[in-house]
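Subject: The structure we talked about

Hi there,

Here is the structure to open on your side. Once you have it on screen, please read on for what turned up in it.

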Amino acid sequence: MKRLLYAVVIFISISASSFSQEVVAKKGPPAGNAAVGDYYGADVSKTSEAKAISVEALEGKLKQDKKAENVIVKGEVTDVCPKKGCWVTLKTDDGSSFFVKMKDYGFFVPIALKGKNVVLEGVAEKEITSVEELKHYAKDAKKPQSEIDAITLPKEEIRFLAKGIKVVN
């Protein structure tokens, strides 16, 4: 009888431990100072850096074509996703910004990237962003609820899918 009791206790202990869930802490953006020369995703070569166009030139290019493949753009980061570092925005010449996502959600950037000049390599296109998506990104950016509620119209904007981001100065 004792053996049966021990067997049941051992079985229950093993079952409980094998079915328990691991507690995983939510991760934020990666740590780092975003120093000149640091890169995220694929490295952007010196040759590519030299070929980088301005945000203004990209806007001009996208007036002619809806999409620009393998484009290299240099600009200033105005915001970074505080939740994971999964998106950034770059300043445009008219004072607005354009949205940059990471290809295949394959890499993230530190908050310290905000205010730094970077070179991006990837695909840019003009797209219409839905109200729902705009609100989602505003929530990620921890905007006040009043600002989120004020989003009522979709927005045509430049969207960039980066395969690599490099800090240049």
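Let me start with the largest pocket, which holds about 430 Å³ of space. A pocket here is found on a 1 Å grid over the protein atoms alone, as an open set of points where a 1.4 Å probe fits, with protein on both sides within 12 Å along at least five of seven lines. Its volume is the space filled by probe spheres set on those points, which are joined across faces, edges and corners. The pocket is lined by 19 residues, and the closest to its centre are Leu 134, Tyr 137, Ala 138, Lys 143 and Lys 155; to count as lining, a residue needs an atom within 4 Å of a point. Two or more lining residues come from each of strand 3, strand 4, strand 5, helix 4 (131-140) and strand 7 (155-167).

Before going further, a word on the model: it is predicted, so to speak of a local feature a pLDDT of at least 70 is needed, side-chain atom pairs count only at pLDDT 80 or more, and totals for chains, interfaces and linings use all residues. Residues are numbered from 1 along each chain as its sequence is written, and side-chain values use heavy atoms, with hydrogens and water left out.

The overall picture

The protein chain has five helices and seven strands. Both are DSSP runs numbered from the N terminus, with at least four residues (H or I) for a helix and at least two (E) for a strand. Along the sequence their order is α-β-α-β-α-β-β-β-β-α-α-β. Of the 169 residues, 34% are buried; that means under 20% relative accessible area, while exposed is over 50% and partly exposed lies in between (1.4 Å probe, protein chains only). Among contacts with a separation of 6 or more, 74% are between residues 24 or more positions apart, a contact being heavy atoms within 4.5 Å.

Strands 3, 4 and 5

Strand 3 (residues 67-80) and strand 4 run antiparallel and are joined by three bridges; strands pair if DSSP finds at least two bridges between them. One facing pair is Val 80 and Val 88, the latter in strand 4. The two strands form a hairpin with six residues between them, and Gly 85 in the turn has a positive phi of about 80°.

Strand 4 (residues 87-91) is mostly covered, with four of its five residues buried. On to strand 5 (residues 97-102): five bridges join strand 4 to it, again antiparallel. Lys 91 has Ser 97 in strand 5 as its bridge partner. This hairpin has five residues between its strands, and Gly 95 in the turn shows a positive phi of about 95°.

Salt bridges

How many salt bridges are there? The count comes to 10, where a salt bridge is a side-chain nitrogen of Lys or Arg within 4 Å of a carboxyl oxygen of Asp or Glu. One of them pairs Lys 91 with Glu 76, with the closest N and O atoms 3.2 Å apart. That pair links distant parts of the chain, since Lys 91 is in strand 4 and Glu 76 in strand 3, 15 residues apart. Lys 91 is partly exposed at 37% relative accessibility, and Glu 76 is partly exposed at 28%.

You met Lys 155 in the pocket lining, and Lys 155 also belongs to a network of salt bridges with Glu 133, Glu 157 and Arg 159. Within that network, Glu 157 meets Lys 155 at 3.8 Å, N to O, and Arg 159 at 3.3 Å between the closest N and O atoms. Arg 159 and Glu 157 are both buried, with Glu 157 at a relative accessible area of 9%, whereas Lys 155 is partly exposed at 38%.

A few residues to look at

Ala 34 and Asn 70 each deserve a click. Ala 34 is not a glycine, yet its phi is positive, near 55°. Ala 34 lies in the loop between helix 1 (2-19) and strand 1 (39-41) and is buried, with a relative accessible area of 1%. Asn 70, in strand 3, also has a positive phi, about 45°, but Asn 70 counts as exposed at 57% relative accessibility.

Finally, Ile 53 in strand 2 (residues 53-54) is partly exposed, at 25%. Leaving out residues up to four places away in sequence, Ile 53 touches Leu 58, Val 71, Ile 72, Val 73 and Lys 74.

Happy browsing, and best wishes!
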